[in-house]
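User: Please take one part of this structure and look at it closely. I am new to it, so explain each term as it comes up.

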Amino acid sequence: MLSIRDALKQATEQLQSASDSARLDAEVLLAFVCQRDRTYLYTWPEKELDALQQDQFFAFIEARGQGEPIAYLIGTQEFWSLPLRTAKDTLIPRPETELLVETVLQLGVAESARVLDLGTGTGAIALALAAEKKHWCITAVDKMPGAVALAQANSQRLNLPIRVLQSDWFRALENAEPFDVIVSNPPYIADTDLHLQQGDVRFEPYTALTSGADGLDDIRLITVRAPQFLTAGGWLLFEHGWQQAGQVQQLLQQAGFARVRSEKDLAGHQRITLGQWHG
């Protein structure tokens with residue numbers, strides 16, 4: 001049987017050509033197999049794996065070498081310091097989406113605000129907001145039944161109450177009270193984008209990634225419909241592709257939104273665009 005040190009060394013070498021973070025990937029997967037945190041791996045490097053642990057670990061390494069995302073292999077992904085369950089019918093929450101959460105929190109809306117998360121997936125955005133704003137009334141919707149069930153399960157497990165509905169964008173909300181904030185990380189990749197054949201996105205649900213010839217079909221639809229569901233002074237916010245800010249700004253302005261602006265991520269790309277509805 002291999003020691004933790006030797007297993008990590010062997011796995012890291014095996015992943016070098018498949019991952020830019022081979023050592024980290026190996027550590028995360030081995031810690032999961034051992035049901036310990038990564039610190040344990042450094043504290044007990046000489047400890048030998050048992051046969052079951054070794055087999056499971058190298059099965060994970062083989063799958064990761066084929067490109068399978070770690071979040072799908074271990075079934076969890078951290079977002080806003082929340083351990084979220086993941087599944088193959090939802091997108092993997094990504095660190096850059098935390099900028100969308102930060103931007104919402106900086107809007108200065110009322111402590112009793114009503115907030116809608118469109119296309120919630122794992123529930124990441126809605127649950128991050130619920131963790132920070134206990135008195136907000138947060139509704140999250142998704143078209144896919146599997147995503148709805150997953151967001152509900154994450155809500156219950158984390159003890160962060162949100163309302164989760166199955167809805168194709170606004171369809172199930174026709175009689176809802178208006179919202180103070182509508183936030184969305186919708187599909188925004190063009191149908192023919194070559195990046196769809198690279199990296200983790202190869203394993204993620206295609207319909208949750210793509211949106212027409214220019215990637216903006218869903219953003220167009222949401223922008224046109226959102227005013228019917230916003231309070232006067234309410235905000236609409238999107239995450240979008242790093243080259244789409246100008247187009248999204250134009251869509252919001254054409255729909256009658258004011259105070260339209262974009263926010264930059266840590267790489268200096270404009271990834272969040274928002275506007276205020278005055279009714």
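Analyst: **Strand 7 and its surroundings**

Strand 7 pairs with strand 9 (residues 270–277) in the antiparallel sense, over six bridges. The model is predicted, so local features need pLDDT of at least 70 and side-chain atom pairs count only at pLDDT 80 or more, while totals for chains, interfaces and linings use all residues. Residues are numbered from 1 along each chain as its sequence is written, and side-chain values use heavy atoms, with hydrogens and water left out. Helices (H or I, at least four residues) and strands (E, at least two) are DSSP runs, numbered from the N terminus. Two strands pair if DSSP finds at least two bridges between them.

Two of the residue pairings between strand 7 and strand 9 can be named. L237 has L274 of strand 9 as its bridge partner, and F238 is bridged to T273 in strand 9. Strand 7 also pairs with strand 6 (residues 179–184), here in the parallel sense and over five bridges. In that pairing, F179 stands opposite L230 of strand 7.

How much of strand 7 is buried? Eight of the 10 residues in strand 7 (residues 230–239) are buried, so the strand is largely enclosed by the rest of the structure. Buried means under 20% relative accessible area, exposed means over 50%, and partly exposed lies in between (1.4 Å probe, protein chains only). For the chain as a whole, buried residues make up 52% of the 279 residues.

Strand 7 belongs to an open sheet of seven strands in the order 5-4-3-6-7-9-8, with mixed pairing. The edges are taken by strand 5 (163–166) and strand 8 (258–264); each has a single partner strand, so one side of each is left without a neighbour in the sheet. From one strand to the next, the twist averages 15°. The chain that holds this sheet has 10 helices and nine strands.

Helices also lie across the sheet. Helix 10 (residues 245–254) lies across strand 7, strand 8 and strand 9, and runs at about 10° to strand 9. Axes here are lines fitted to C-alpha atoms, for helices over the stretch in contact, and angles run from 0 to 180 degrees between N-to-C directions. Helix 8 (residues 145–158) lies across strand 4 (137–142) and strand 5, running at about 170° to strand 5.

One residue of helix 10 shows how the helix meets strand 7. L252 is found in helix 10 and is buried, with a relative accessible area of 0%. Leaving aside residues up to four places away in sequence, L252 touches T223, L236, F238, F257, V260, T273, L274 and G275. Contact means heavy atoms within 4.5 Å. Of the residues that L252 touches, F238 and T273 are also bridge partners of each other. L252 and R220 are 32 residues apart along the chain, and their C-alpha atoms are separated by 8.7 Å. Across the chain, among contacts between residues at least 6 apart in sequence, 63% join residues at least 24 apart.
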